[in-house]
Amino acid sequence: MWRDRSGITAGDVFALLNDGVVHTRAEIGRTTGLSRTAVAARVRQLAESGLVVEDAAAATTGGRPAGRLRVDRAGGVVLAAAIGASRTQLGVCDLAGAVLAETGLDLSTGLGPQAVLTTVAEGLTVLSEKVDRPVRGLGVCLPGPIDVAAGTVVESPLLPGWAGVPIALGFPGLPVLVDNDVNALTLAEHSVRPSVSDLLHVKVSTGIGAGIIAGGVLQRGVRGAAGEIGHNPVADGGGVVCRCGNLDCLEAVASGAALVTALRAKGRDVADVPGVVALVRAGDPEAVAMVRHAGRRIGEVLAVAVNLLNPEVVVFGGDLAEAFEPLLAGVREQVYRRAIVPVSRELSIEQSALGQGAGIAGCAAMALAEVLSPRAIDAALATPR
Ligand SMILES: [Zn+2]
């Protein structure tokens, strides 16, 4: 690692370039106080590792190199594995998060961690060989509570047999970041709205969960359970027992699974949440009314979160968000009625900008935040390749 009395490492210089704070050697010198030779040494290290390139100068003055420096997005890749209950999305992304290769696998988490992680590792190997660039890290998300620091699943009925298994063991030699699916999706939605510092992401699919960005940072809570708004009860649920054991949880009355059950009871031939969306798109009045009512109930609980956190944007993702118009109508009705005026006036309620690609984007964002940090860049430069 290049660390001298200045304390400014090549990793720090990389971070300044990656954040767009500096673009030339002279700007690096002005911003960091490093001498010209010290700047040159750090830039050389970053260039030799393939992380930074210098574009030819349009015009040079006084014979000094005045080329613009930029992070080479082709200087490596990160891998992404968005593991769902029944379907897994794998991707290879460049250092700016753009997807270079992707694939989907029908894979049940019920097969257990060993079988699933082995299949995921094989799939990622095949994908990354297609791209053939240095792999710098991996982001994995799973549909259950995660101990992020330990990189393990917390005991939960959602992922039986997975508790305590170190996910990284399936991928030796790589920095591996693990989080739950809603947090990964929240990071993905934030990554396409970088100027937004306060954002709520609500996933409405088979279940209901939320992710929170406050002050620009993902909030996980002390046990990784922040955002579990699906288990707040609604006022007029009618006594439905939730899988968590309580009565009238939002998830038990307004999730995609609840709507599938309700529509089947009305004689509709619907098997899953995309089936509900198909009925809405076909204009089935009962399906439209049910989704709108689900939106009202989500809005009832969401209004509390909106008053508490004062977000700029609420993003709806997940399969049921594909029926966005009736869902939004119900949500709006309640949020605007229940949230205080200064909080609701500037609130934007939006549909996911990423749709089905959000899982891969979120896992890539997790991995990039780690592997492009100054500390990780310095560690990578210190490791002979
Ligand atoms: Zn519940």
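Is Glu 350 buried, partly exposed or exposed, and at what relative accessibility? The legends below describe close-up views of a predicted model, and the answer is given with the second view.

**View 1. The zinc ion is held by one histidine and three cysteines.** The donor atoms are ND1 of His 231 and the SG atoms of Cys 242, Cys 244 and Cys 249, which lie at 2.0 to 2.3 Å from the zinc ion. Angles of 105 to 121 degrees among these four donor atoms make the site tetrahedral. For comparison, the ideal angle for four tetrahedral donors at a metal is 109.5 degrees. Along the chain, the donors follow the spacing H-x10-C-x1-C-x4-C. His 231 and Cys 249 are 18 residues apart, and both belong to the loop between strand E12 (217–219) and helix H6 (250–254). His 231 is partly exposed, with 22% relative accessibility, whereas Cys 249 is buried at 0%.

**View 2. Glu 350 and Arg 193 form a salt bridge between their side chains.** The N to O distance in this pair is 2.9 Å. Glu 350 is part of strand E14 (residues 348–351), while Arg 193 lies in the loop between helix H5 (181–191) and strand E10 (199–204); the salt bridge therefore ties together parts that are 157 residues apart in sequence. The relative accessibility of Glu 350 is 25%, so this residue counts as partly exposed. Arg 193, at 11%, counts as buried, because buried means under 20% relative accessible area.

**View 3. A salt bridge joins Asp 106 to Arg 87.** The closest N and O atoms of the two residues are 2.7 Å apart. Asp 106 is found in strand E5 (residues 99–106) and Arg 87 in strand E4 (residues 87–94), with their positions 19 residues apart in the numbering. Asp 106 is exposed, its relative accessible area being 67%. Arg 87 has a relative accessible area of 38% and is partly exposed.

**View 4. Helices H9 and H10 are linked by the pair Arg 292 and Glu 333.** The side chains of these residues meet in a salt bridge with an N to O distance of 3.5 Å. Glu 333 belongs to helix H10 (residues 324–338) and Arg 292 to helix H9 (residues 285–309), and the two residues are 41 residues apart. Both ends of the pair are partly exposed: Glu 333 has a relative accessible area of 27%, and Arg 292 has one of 34%.

**View 5. Lys 266, Arg 268, Asp 284 and Glu 286 belong to one network.** These residues are joined by salt bridges that share partners. In the whole structure, a search finds 17 salt bridges.

Key
Residues are numbered from 1 along each chain as its sequence is written. This is a predicted model: local features need pLDDT of at least 70, side-chain atom pairs count only at pLDDT 80 or more; totals for chains, interfaces and linings use all residues. Side-chain values use heavy atoms; hydrogens and water are left out. Donors are N, O and S atoms within 2.8 Å of the metal (3.2 Å for Na, K and Ca); water is not among the atoms, so sites may look incomplete. Four donors count as tetrahedral if all angles lie between 85 and 135 degrees; four count as square planar and six as octahedral if opposite donors are over 155 degrees apart and all others between 65 and 115; anything else is irregular. Helices (H or I, at least four residues) and strands (E, at least two) are DSSP runs, numbered from the N terminus. Buried means under 20% relative accessible area, exposed over 50%, partly exposed in between (1.4 Å probe, protein chains only). A salt bridge is a side-chain nitrogen of Lys or Arg within 4 Å of a carboxyl oxygen of Asp or Glu.
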